Amino acid sequence: MKYIFRFLKWSLFLIMNVLFFWGAAFLIQNGYYELGVVFFILLFLIDFFIFNPRAYPYRYVAPALVLLFVLVLYPIYFTVKIAFTNYGTGHYMQKQEAIERLLYDPNFTYAIDDKSVDYKIFLRYDGLTPTDDFVILFKINGQIFLGEKPKAAVKRGQEVLLSEAYLYPIKEDYVEIDGKQYRITPVSNDLGEIKLISLYEKTYRAFYSPGDPFLQVNEPHFKGKIAQLYLYRSDFVDQNGVRYALRVAPDGEWRFMQIERLYRLGYEEIYEDGKVKSKAILVNNKTENKLIEREGALYDLNEKGEEVFLIGFIDYVGWKNFIRIATDPNVSGPFLKIFIWTFIWALLSVVLSLAVGLPFALILNDSRLRGRNVYRTLLIIPWAIPVFISALIWRNGLLNETYGLINKFLLPLFGLPAIKWMNDALWARIGVLIVNIWLTFPYMMTISLGVLQGIPPEMYEVAMIDGAGRFKRFAYVTFPFLMTVIAPLLVSSFAFSFNNFTIIYLITGGGPPIPGSTTPTGYTDILISYVYKLAFEAGEGQNFGFAGAISIMIFFLVGGISLFNFKISGAFEEVE
């Protein structure tokens, strides 16, 4: 049994090494060099901890080390990295990948003319079921050519940018390709008469041709399973280097046409730093215009001489995203208002939650109260229920302006008008504060109760001997001792509320909207929800670089405020 356990342990370790190595190689292959290097380093450290007897104790921290790097340190690094780039919609790829797409992507090709070449698909069957193993016959200038199933020629990671297959002329009744001999039955110079192609024990039967009425029944399968999966990004090249690709002809049929690449890679000499240098450029094959590169994008010129956006790539933009926060009126305008409200929101959330939770803690700490465990359990329920469920219940069941419990039943009992929880700025802010207090007061109650039970009874006895009443005992004994212990927790609660995106977004979505604002901004938006809207809902697509820049600013704001609170509260000071 001991040997079986040891075998399983080392097998698991070997599998982990293989997965880590494969993951690191995959990340580096797809351009995530930093994360790939981190995986390699972690793999080395884990193996070092396990195989080195002196590093034996460190093997227990290996899982924490992995999680620290992958879930904490790398996201921080990645956020800082993209904050200085234009990473976002239209700028997802590296420059090299963007150039490769312009050179090889079928969207950047053009047909020489409207003429097409006849072709016929021959497909191998598995019983009565068609497979994806096929060959194609072409008739070009009266000559019959055979092309095999295209193979990947240009790949980017796992994505195939271009597949190619070469065309071989048929001699008599056969054609030989890489030692394989395909035989044609019957021998004919007319595609319509050829019925079979055989390769040793394999038989390919006539399956589809746009001019053959008997094969039209297979058109849906050809378009869905053959053309879109294997021929869409494929070129067939004859012996003279002429390329043919499947395109939609003017008559609506899917035909093979002679094509050319729209762009080619060229070089030009430039004078820079007192030297003549060669620079790689992209040139339009039809117009001979040189593509324009500007701000992480490539542009071409149309017939009117206007710039046309082609493709974007990730580019370093320096401090542009940070400068935009201060100079763009669409961003800087509401920024100060939202920052002030964010500070008020976080402060009131902490103060009011403590104001509600602390009295409950004082009551539950009274030993004369019967059923304390039951009350404690009931009061913790709001904290135990998932935030998403509670937020949706408050939004749709209590604060809904039309059929919510408060507006429809509670307020009419007192003859009060309905409250516009979602459309009035003041009441919307009050509403999100109420919900947040409801969700957080059990936490304040719990930590306060824990501190209260730790206060020595002798301190109260001394205070009573000195003649202190109930209020003075609370003011001079309970509260100072309480604040000394929970001050760091209050600061962390303030930082949490400062970035409490969930409550704001689920209850009001940041609304109601601020009139006159050119960006999607609302009265209840806090900085983190404002960043989300600017980055993802501003009508410009996703802008991760800009969101990263504002996230860094929020980090320093929250860090500065927290440091100030720690300094004022003396949370880090040693007790003398």
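Helix α4 (residues 95-104) lies across β15, β16 and β17, and runs at about 120 degrees to β17. Contact here means heavy atoms within 4.5 Å; axes are lines fitted to C-alpha atoms, for helices over the stretch in contact, with angles from 0 to 180 degrees between N-to-C directions. Helices (H or I, at least four residues) and strands (E, at least two) are DSSP runs, numbered from the N terminus.

This is a predicted model, in which local features need pLDDT of at least 70 and side-chain atom pairs count only at pLDDT 80 or more, while totals for chains, interfaces and linings use all residues. Residues are numbered from 1 along each chain as its sequence is written, and side-chain values use heavy atoms, without hydrogens and water.

The three strands form an open antiparallel sheet in the order β15-β16-β17, where pairing requires at least two DSSP bridges. β15 (292-293) and β17 (307-312) are the edges, each with a single partner strand, so one side of each has no neighbour in the sheet. β15 pairs with β16 (residues 297-301) over 2 bridges, and Glu293 stands opposite Leu298 in β16.

I turn now to a pocket. The second largest has a volume of about 510 Å³. A pocket is an open set of points on a 1 Å grid over the protein atoms alone, where a 1.4 Å probe fits, with protein on both sides within 12 Å along at least five of seven lines; lining residues have an atom within 4 Å of a point. The volume is the space filled by probe spheres set on the points, which are joined across faces, edges and corners.

Which domains does this second largest pocket lie between? Domain 1 (1-84) and domain 2 (111-258) both give residues to its lining, so the pocket lies between them; the bounds come from an automatic or database domain assignment. Helix α3 gives the most to this lining, with 4 residues.
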